[in-house]
Amino acid sequence: MFPFISGMIGSSVAAMLSIGFGVKAVSIGVGGLPGILSIFAEYWGFFALAMAAAIIIPFALTYVIGKKKLSEEDLFGEANSLVSGYQHSSEPEIFASPMDGKILPLEEIEDAAFSSKAMGDGFAIELSRDEVVAPVSGEIVMSFPTGHAYGIKSDDGKEILIHIGMDTVELNGEGFDVKVKAGQRVKQGDVLVKVNKDILTSHGKSLVSPVVFTSGEKVKLHKKNETIAKNEKGFIAFI
């Protein structure tokens, strides 16, 4: 609909310019650019200005609005993979671990805000190495200024919260080397943040890091209290 409305706006401006400059025609003739053949010669410049408005304004409005309203897939379809650098596949992407460490059932961690599953189902990992990566390909929809938490919306619509450590917001960013920002697109395995574990533990912060599906998915852990590596797949199932 918006290209049609953009065209109407451009045509309206062109009409106002034509009337405002008193453009006159010899007779009713063809429309559009060839219409200049029906215009008295002394008005050709004004008519050309009106035609420029009728072309440029709709093009500009359609481009600007389209960039805001349409996703890359809407704009480019399957060719999107060549434009954006990521591949579309008929096979769903398998969720991967965002970090190395011991995997824990969400209900067993100490923080009731997560263990109650009030924000959603999920699991937790006791971080053992410094990198936290994107478990899925998608968009970073939230990145806390303190670097301790990230929200990702996957290409298939899942919304995932990754919260690194417990009460780490109190560190005001100390120990977190952030690599992404809100609105940025990431591929599975891209580094979100590098964590200085020594700084977290020196402040008495737990390294247990909840991963919560805030879009409502229910999950089942295939591994519990075992060590997994970042980008490892198949340790959870969606039920």
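Two strands pair when DSSP finds at least two bridges between them. Keep that rule at hand for the exercises below, which explore a predicted model.

**Exercise 1. Find the partners of strand 5: with which strands does it pair, and in which sense?**

Step 1. Look at one side of strand 5. Strand 4 (residues 138-143) pairs with strand 5 over 5 bridges, in the antiparallel sense. You can check the register with one residue: serine 143 stands opposite tyrosine 150 in strand 5.

Step 2. Now look for the other partner. Strand 6 (residues 159-163) also pairs with strand 5 over 5 bridges, and the sense is antiparallel. Here tyrosine 150 stands opposite isoleucine 162 in strand 6.

Step 3. Trace the turns. Strand 4 and strand 5 make a hairpin with 5 residues between them, and glycine 147 in this turn has a positive phi of about 80 degrees. The hairpin of strand 5 and strand 6 has 4 residues between the strands, with glycine 157 in the turn at a positive phi of about 100 degrees.

Step 4. Check how covered strand 5 (residues 149-154) is. Of its 6 residues, 5 are buried, so the strand is mostly covered.

**Exercise 2. Place these strands in the whole sheet: in what order do its strands lie, and which stand at the edges?**

Step 1. Read across the sheet. It is an open sheet of 8 strands in the order 8-4-5-6-10-2-1-12, with antiparallel pairing.

Step 2. Go to the ends of that order. Strand 8 (185-186) and strand 12 (227-228) are the edge strands; each has a single partner strand, so one side of each has no neighbour in the sheet.

Step 3. Practise on another pair. Strand 1 (residues 101-105) and strand 2 (residues 121-127) run antiparallel and are joined by 5 bridges. Leucine 104 stands opposite alanine 124 in strand 2.

**Exercise 3. Explore the nonpolar interior: which residues of the largest core touch the most other members?**

Step 1. Recall a general idea: in soluble globular proteins, nonpolar side chains tend to be buried together.

Step 2. Name the residues. The largest nonpolar core has 31 residues, and those touching the most other members are Phe95, Phe123, Val132, Ile162, Ile164 and Leu192.

Step 3. Ask which elements supply this core. Two or more residues come from each of strand 2, strand 5, strand 6, strand 9 (191-195), strand 10 (208-213) and strand 11.

Step 4. Look for a further core. Another one, of 10 residues, lies apart from it and includes Ile109, Phe114, Ala124 and Val212.

**Exercise 4. Follow the aromatic rings: what kind of pair do phenylalanine 95 and phenylalanine 123 form?**

Step 1. Start with the count, which comes to 7 aromatic pairs.

Step 2. Use the geometry. The rings of phenylalanine 95 and phenylalanine 123 are 6.1 Å apart centre to centre, with 85 degrees between the planes. Planes over 60 degrees apart count as edge-to-face, and this pair is indeed edge-to-face.

Step 3. Locate the two residues. Phenylalanine 95 is in the loop between helix 4 (80-84) and strand 1, while phenylalanine 123 is in strand 2, so their pair ties together parts 28 residues apart in sequence.

Step 4. Check their cover. Buried means under 20% relative accessible area. Phenylalanine 95 is buried because its relative accessibility is 4%, and phenylalanine 123 is buried at 0%.

Step 5. Move on to the next ring. Phenylalanine 123 and phenylalanine 235 have ring centres 5.3 Å apart and planes at 85 degrees, so this pair is edge-to-face too. Phenylalanine 235 sits in the loop between strand 12 and strand 13, 112 residues from phenylalanine 123.

Step 6. Put the rings together. Ring pairs link Phe95, Phe123, Phe213, Phe235 and Phe238 into a cluster.

**Exercise 5. Turn to the surface: is phenylalanine 4 buried or exposed?**

Step 1. Find phenylalanine 4 in helix 1 (residues 2-20).

Step 2. Apply the cut-off: exposed means over 50% relative accessible area. Phenylalanine 4 has 54% relative accessibility, so it counts as exposed.

Step 3. See what surrounds this residue in the model. Met1, Phe4, Ile5, Met8 and Ile9 form a nonpolar surface patch, with about 540 Å² of accessible area together.

**Exercise 6. Inspect two asparagines: where do asparagine 225 and asparagine 231 lie?**

Step 1. Asparagine 225 is in the loop between strand 11 (219-221) and strand 12. Asparagine 231 is in the loop between strand 12 and strand 13 (236-238).

Step 2. Compare the backbone angles. Asparagine 225 has a positive phi, near 55 degrees, although it is not a glycine. Asparagine 231 has a positive phi near 75 degrees.

Step 3. Finish with cover. Asparagine 225 is partly exposed at 44% relative accessible area, and asparagine 231 is partly exposed at 33%.

Definitions and conventions:
Residues are numbered from 1 along each chain as its sequence is written. This is a predicted model: local features need pLDDT of at least 70, side-chain atom pairs count only at pLDDT 80 or more; totals for chains, interfaces and linings use all residues. Side-chain values use heavy atoms; hydrogens and water are left out. Patches are made of residues with over 30% relative accessible area and no salt bridge: like charges are joined within 9 Å, nonpolar side chains (Val, Leu, Ile, Met, Phe, Trp, Tyr) within 5 Å. Accessible areas come from the Shrake-Rupley method with a 1.4 Å probe; for residues, only the protein chains shown count as cover. A salt bridge is a side-chain nitrogen of Lys or Arg within 4 Å of a carboxyl oxygen of Asp or Glu. Buried means under 20% relative accessible area, exposed over 50%, partly exposed in between (1.4 Å probe, protein chains only). A nonpolar core is a set of buried Ala, Val, Leu, Ile, Met, Phe, Trp, Tyr and Cys residues joined through side-chain atoms within 4.5 Å. Rings of Phe, Tyr and Trp (its six-membered ring) pair if their centres lie within 6.5 Å; planes under 30 degrees apart count as stacked, over 60 as edge-to-face and the rest as tilted.
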